[in-house]
Amino acid sequence: MSDPLLQMTGIVKVFPGVRALDGVDLEVRSGEVHCLLGQNGAGKSTLIKVLAGAHQPDEGEIRWQGEEIRLGTPMAAMKNGIATIYQELDLVDGLSVAENIYLGHELAAAGFSRRGDAQKQAAALLARLGHPEISPRREVGTLSAAGKQIVSMARALSHDVKLIIMDEPSAVLDQEEVARLFKVIRDLQAEGVAVVYISHRLEEIREIGDRVTVLKDGRTVATGLPARDTPTRELTRRMTGRDIEYVFPQPTSRDGDGDGAVVLAVRDLSAGKAFSGVDFDVRAGEIVGLAGLVGSGRSEILETIYGARKASSGTVSVDGKRLRNGHVRAAVGAGVGLCPEERKSQGLLLDEAVYRNVSLATMGRFARGGFLNRGGEKRAATEHVKALDVRPPDVDRAVRTLSGGNQQKIVLARWLLRECRVLLLDEPTRGVDVGARSEIYALVRRLADDGVAVVLVSSEVPEVLGLADRVLVLREGVVVHTGPADDIDEHRVLDLVMEGSAA
Amino acid sequence: MSDQTPAAPPATPPADEHRRIEAAAAAEGETRSGFVRFMSSPFGRNLGLVIALVVLCIVGVATAGDRFASTDNMLTVLRLASVIGVVSIGMTFVIIGGGIDLSVGAIVALSSVWATTLATQTMAEDTHWLMMVFVACAVGIGCGLVNGLLIAYGGMAPFIATLAMFAAARGLAEIISEKRTQIVDVRGLVDFINGDFIGIPVLVWIFAVVSAIGWVLLNRTTFGRRTIAVGGNATAARLAGIAVKRHTVLLYVVLGLACGIAAIMLTARTGTGSATHGQLYELDAIAAVVIGGTLLTGGRGTIVGTIIGVLIFTTLTNVFTLNNLDSSTQAVAKGAIIVVAVLLQQRVAVRSSDST
């Protein structure tokens, strides 16, 4: 028995407030395609960053070809023959294909770059990848996403690579390009190169993968499963651990419609190419869910309602009053609140104290003549932080040190404090661990029961179906279905969403 | 060899082991983050600066003795610090708000020349000196307004917009003054500003009052909170309903006003209005703000840090002058201080925000 190519055992990586990796094991053999499965936030990205030398594990052992090694820097990983192709490709747009491939290890003689040689060898690498049509002289910025991916792989191959990590390579490719990618992967495999392949698409894993490792909540929950014959149900069960089903709260008074007054009215709203002709009402106490793929216009609709994006036509009204187009403060003034998709970069002041984040939209209320009453501010923040069960309930703590779920609660608390009439939630549970999810669901439902009109966007269909009263299904910027959440199931939503998108 | 090593300690149950490691890691994280938290708190950072200032004073006493430690000399240092200090307080707001202003020196020159031209030519004898104060402040505010509008609504990078103002304002000052130094003979102004109040120069009082207002504005008002929010995360601030553009304009206006006040102080101290006033103020002010612990990327900073930063540079100049060292040597020392201060701060900043 020869040693496996790569063996990681008990890898732990702690960030302030989060145990991103909590004992991960991974074993990869030479020449295999090893698939890594897991939901968002399961720790896949952190794990590959550890492998790429970008993060240092706090505990655990990495054995490479039988010997223990430390991957202190991305360069060290490269030198050992581990190459990573990230989702957001790390290429320099302004340089040529050949220059990108040899970036960091330029072919040079006495300080002068040997451009001719570099171009010749780059052409050879591109041919080996089955893409001789890409010219080594071409500027990378002019290539398509698929072309850039090929350049990234050529760069990996320009090193003596034994293991390539691919983070959702198919996310930016169409079907034909995926097929070509798979051919490249098979060729590499035949040369003895191992591939760690990350994807959410099970059918791809079945087609290209040999073995599967499943991550959940920073732990390895299954390893070495055969990629082709493991039943789908088994894989999803391990990914979700559906034994602890999320608890979706039932509305306390779901007595049909016509009950609450219409709070938010969206009429024939369009914004350029993002979406068009969107039309719906949300009543007080109602949760309306928007389901659709990434790029279907879900988030853009929320942003347009909120005024963060200008509508090209159509209107948004709150309590019958029309909101000014493209004006966030008009929306906030009318009682609309948004919990944005990118919590950290769009929602929070990470280095500031919790209470300052909570009061960000209501500061004026705690001020007299411009002078802030910090005592009152903290008292109000503390009240909401306690009501939402933020842990620890310390309003002076920097938001950065809280976990994802608690950070989300801080954004929610901001709008609770404002007593908003309409709450727009964009991916409210992204990066939130399982336990905190149910709490957030319960919280959203409680808000609705208190008469808030909620619009929910999520990429997780069960979340939309479980939490919303009514569902709008979007495909390519158009609403293709509207109806009560109880009348539709996950498969039907997926059918609607995928229909026609393959063509 | 290996068979001689003592047997491994009795295996602890894995669960215990895990808990132990976790506890140890937590404890380590706690002490480290405790120290880092202290050093990155406003108090901890300012403490480091105070120590640096004290060291500088010790060097001053050691090398220049009583000439350094005298009350007169101390007041001289404070008087020197006051003009650039007022500009630096304004600069602190702009930098915390995520901007930068290269035009402060030029605005000081333009404000001073405009005010003295008024006094020496247009209205001659009848000018009340408060009129000069008003004009200088109005000119400063006007320049700040132009900067702010170009940046917030014109979408220009702060560096570029204020670089343009840097060139234009000084050029305009030269045109107005015809490149001549204008002697101010409005005695009221010169006497008042160069006078004392309770034994302390009025210049220093002005700096103290501006500092106090700056501190209250930053730490106790919605204006200050918004400044931190806009500089820390402009997107989050906008999505929380803060008028980010309007606030950005206000920040440059505040700095413009500070420049106008500084122009009056400088004009009175030197008794002249000149297009060469305020040269290199932009660099001195930015340096003082940055070694005072304000992040150049915005979102964090303190008024107290800026004040100490100004004092450090002025004391340094004083110590060097008393020791008959020329300004070139001073410049080298200044450069070294900036590098050391920023390197130290970065270490703290990186360690306290290692999560992304």
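**Exercise 1. Find how many salt bridges the model holds over all chains, then work through three of them in chain A.**

Solution. Start with the total: the count comes to 25 salt bridges over all chains, a salt bridge being a side-chain nitrogen of Lys or Arg within 4 Å of a carboxyl oxygen of Asp or Glu. Before going on, please note that this is a predicted model, in which local features need pLDDT of at least 70 and side-chain atom pairs count only at pLDDT 80 or more, while totals for chains, interfaces and linings use all residues. Residues are numbered from 1 along each chain as its sequence is written, chains are lettered from A and ligands numbered from 1 in the order in which they are written, and side-chain values use heavy atoms, with hydrogens and water left out.

Step 1. Take A:Asp279 and A:Arg267, whose closest N and O atoms are 3.4 Å apart. A:Asp279 sits in strand β14 (residues 275–283) of chain A and A:Arg267 in strand β13 (residues 262–271) of chain A, so this pair ties together parts that are 12 residues apart in sequence. Helices (H or I, at least four residues) and strands (E, at least two) are DSSP runs, numbered from the N terminus. A:Asp279 is partly exposed at 43% relative accessible area, and A:Arg267 is partly exposed at 35%. For these classes, buried means under 20% relative accessible area, exposed over 50%, and partly exposed in between (1.4 Å probe, protein chains only).

Step 2. Move to A:Asp319 and A:Arg421, whose side chains meet at 2.9 Å, N to O. A:Asp319 lies in the loop between β16 (313–318) and β17 (321–322) of chain A, and A:Arg421 in the loop between α14 (404–417) and β21 (422–426) of chain A, so the pair ties together parts that are 102 residues apart in sequence. A:Asp319 is partly exposed, at 38%, and A:Arg421 is partly exposed, at 32%.

Step 3. Finish with A:Arg400 and A:Asp351, a salt bridge with its closest N and O atoms 3.0 Å apart. This pair links distant parts of the chain, 49 residues apart: A:Arg400 is in the loop between α13 (374–387) and α14 of chain A, and A:Asp351 in the loop between α11 (343–347) and α12 (354–358) of chain A. A:Arg400 counts as buried at 13% relative accessibility, whereas A:Asp351 is partly exposed at 39%.

**Exercise 2. Describe the interface between chain B and chain A.**

Solution. Step 1. Count the residues: 31 residues of chain B are in contact with 35 residues of chain A, where contact means heavy atoms within 4.5 Å.

Step 2. Look at the area. The area buried between the two chains is about 2700 Å², of which carbon and sulfur atoms give 56%. Buried area is the accessible area (1.4 Å probe) that two parts lose on being put together, summed over both.

Step 3. List the polar links. Two salt bridges are counted between chain B and chain A. The side chains of A:Glu377 and B:Arg225 meet in a salt bridge at 2.4 Å, N to O.

Step 4. Locate the contributing elements. On the side of chain B that touches chain A, α1 (14–40), α9 (202–220), α10 (222–232) and α11 (234–239) of chain B each supply at least two residues. Of the elements, α10(B) gives the most, with six residues.

**Exercise 3. Place A:Leu129 in its surroundings and say whether A:Leu129 is buried or exposed.**

Solution. Step 1. A:Leu129 is in the loop between α4 (115–128) and α5 (145–158) of chain A.

Step 2. With a relative accessible area of 3%, A:Leu129 is buried.

Step 3. Leaving aside neighbours within four places in sequence, A:Leu129 is in contact with A:Ile150, A:Met153, A:Ala154, A:Leu157 and A:Val184.

**Exercise 4. Examine helix α4 (residues 71–96) of chain B and the positive phi angles in chain B.**

Solution. Step 1. Helix α4 of chain B has a kink of about 40°, centred on B:Ser82. The bend at a residue is the angle between axes fitted to the seven residues ending there and the seven starting there.

Step 2. In α4(B), 19 of the 26 residues are buried, so the helix is largely enclosed by the rest of the structure. B:Gly98, with a positive phi near 90°, follows α4(B).

Step 3. B:Glu178 has a positive phi of about 50° although it is not a glycine, and B:Glu178 lies in the loop between α7 (158–177) and β1 (182–183) of chain B.
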